[in-house]
Amino acid sequence: MRKTIITALAALTLLPASAQKKSISGGYPIMPVPFTSVKVWNNTFWGQRLETSRNVTIPLAFSKCESEGRYKNFERAADNRKHPSDKYNVKKLMPYSFDDTDPYKTIEGAAYILQTYPDKKLKAYVDSVIDIIGTAQEPDGYLYTTRTQNFIHPHPWAGPKRWSKEEDLSHELYNLGHLIEGAVAHWQATGSRKLLDIACRYADCVVKEVGPNPGQACVVPGHQIAEMALCKLYLATGQKRYLDEAKFLLDYRGKTEIRQEYSQSHKPVIEQDEAVGHAVRAAYMYAGMADVAALTGDTAYIHAIDRIWNNIVSKKLYITGGIGATNNGEAFGANYELPNMSAYNETCAAIGNVYVNYRLFLLHGESKYFDVLERTLYNGLIDGVSLDGGGFFYPNPLESMGQHQRKAWFGCACCPSNICRFLPSLPGYIYAVKDRNVYINLFLSNSSNLTVAGKKVALSQDTRYPWDGDIVIKIDNNKAGTFALKIRIPGWVKGQPVPSDLYYYSDGKHLAYTVTVNGKTADAALTDDGYYTIARQWKKGDVVRVHFDMEARTVRANNKVAADRGQASIERGPVVYAAEWPDNNFNIQNVLLNQQPTFTTGTMPYAAFIADSLKNKQTQYRKLHIETLTTPAQALVFGKDGKLSTADVSLKLIPYFAWAHRGNGNMKVWLPQDVSAARPAKPATLASKPAAE
């Protein structure tokens, strides 16, 4: 089937515009604008992040694949295929059964970068890695170095034969999923089928051997992702067997041997109504359910996802947009169980949360899904990678006493490699199109080329968002005539932190917004879907100016969240703030917010937060600043007589995503505002000066 096969869902695979011609029925009702059609401007908030991915994170990930033996796994598997023996101790040589996915995910991120920034050297390197991967594939397509390195004694997680431990530890189908994701991205970016053909052969092996029929292994993934990946492969190739396999993997969940909440196999997926178990597995499964529902029209899947989403946003979502409360199984906790210091909030789970909310927007077209997505994006997700692109968090807690620190890599490297593949794809989340409606979902400086009713439209945005709420949208070209611009009015502007009663603004402020077209008030309205909708005959040179009031706000949690009672968090626009030790000359564990706090804004240069070795190499840092907040507060201190008293202090806050760049020490997102919530540690005294500049 030709490369031009596409549907509305196919934009989820971020296909280039040249591939968008032929369609398969049954996709999402709303069509994303692929990342290849959007150019994010340099020296901007997100331009810096993309440049850092290109210059630091992706090269680092490839270097770790070399130094940590990821490529060696494939080379040993190729050797053992030719000369089978018992010489390789796989358990010793390969820590995890999913290590193969690190190259797959890094290739995916590199492919997105290659499409945006052509680079012959990077392309050649990726090709050389694909050659190594291909040598390990068995004749029938099976590609799993955990077993192929030693057929006699494979890795103990692999089980004695294929698929025998798939629902437990083997990750054979998880590896397939990431292989497909990387392969489709590489094909889109380069036109080469080298990795795509490898992925198809492994997928064909799975279709043949895994299923409900006699002689097949009737198993479902222990770790989900194959479901949404197989949907991508169906759209890339037109081969319906891949979609059928994805639906089987969902339909039989809760019906096979292992049934447990940890892997969401405790009951059939269409009967589930609460987010439970491993948060990454869960989010990937929900995303796969949305994809299969969009392609097959199975509304039972949609109803189940809607129920689960409501459970998450009303009872299990952190103020940072993170999900997964506990390190016990990297899992969702009970309803309203949202601890701060022990919060897990895996970076991969934040990425999964973006995937789910993105797909629900494509299904339902409501802005509330992007409200959650944006909160996750600016806080719980980008916190997972340092500003210099070379330090990572696996968990993302909301409080620390110095025990949390960024690391250059992890033995289990799923989060760094996931960041590699996600951030370069960000431009594909900004816009979407349905009929003659153009959705503007995210606000960042960019130039874009869209297709509306089969005609070309060029838009651009110019903004300092998230640091201020002014956005200039220009119509750079329009061949489509009349269409509607649908501008998302964020929940934080409308007085709702999240689309539920889990959090609420406690300061009584009412923010406003204005929208003008060519200097005049727009003839438009805020529609029920949460978008300010302007329908008109657009002309080249038309200018839409959007202004969102942007003030620091105090947020309280539902009283059922025991960890946050009597405390407030601070946010400004979509950015959640935190108090960190280097900026304050007192123990922030002992601070008490005023009942009616006032805030002043300030700035700090990005260079203050990045490694010295990069300050003179990364030019995109030089003009960028981070917005800070300062508020009068009280520090609780014990005098020499042992009596508790207060001292007036000036509390400085930085964006949550910028913490843990300047050494180890205290950090807090939720700050006591009621005396009942203040629990000062002994002894507590004021320092004479800040601990660090």
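**Exercise 1.** Is Arg70 buried or exposed?

*Solution.* Start with the cut-offs: buried means under 20% relative accessible area, exposed over 50%, and partly exposed in between (1.4 Å probe, protein chains only). Arg70 has a relative accessible area of 4%, so Arg70 is buried.

Some ground rules before you go on. You're looking at a predicted model, where local features need pLDDT of at least 70 and side-chain atom pairs count only at pLDDT 80 or more, while totals for chains, interfaces and linings use all residues. Residues are numbered from 1 along each chain as its sequence is written, and side-chain values use heavy atoms, with hydrogens and water left out.

**Exercise 2.** Find the salt-bridge partner of Arg70 and place both residues.

*Solution.* A salt bridge needs a side-chain nitrogen of Lys or Arg within 4 Å of a carboxyl oxygen of Asp or Glu. Arg70 meets Asp99 that way, at 3.7 Å, N to O. This pair links distant parts of the chain, 29 residues apart: Arg70 is in helix H2 (residues 70-82), and Asp99 is in the loop between helix H3 (90-93) and helix H4 (101-116). Helices here are DSSP runs (H or I, at least four residues), numbered from the N terminus. Asp99 comes out at 2% relative accessibility, so Asp99 is buried.

**Exercise 3.** Work through the salt bridge between Arg54 and Glu51.

*Solution.* Distance: 3.3 Å, N to O. Location: both sit in helix H1 (residues 45-67), three residues apart, about one turn of the helix. Accessibility: Arg54 is partly exposed at 31%, while Glu51 is buried at 11%.

Technical notes:
Helix = DSSP H or I, 4+ residues; strand = E, 2+ residues; numbered from the N terminus.
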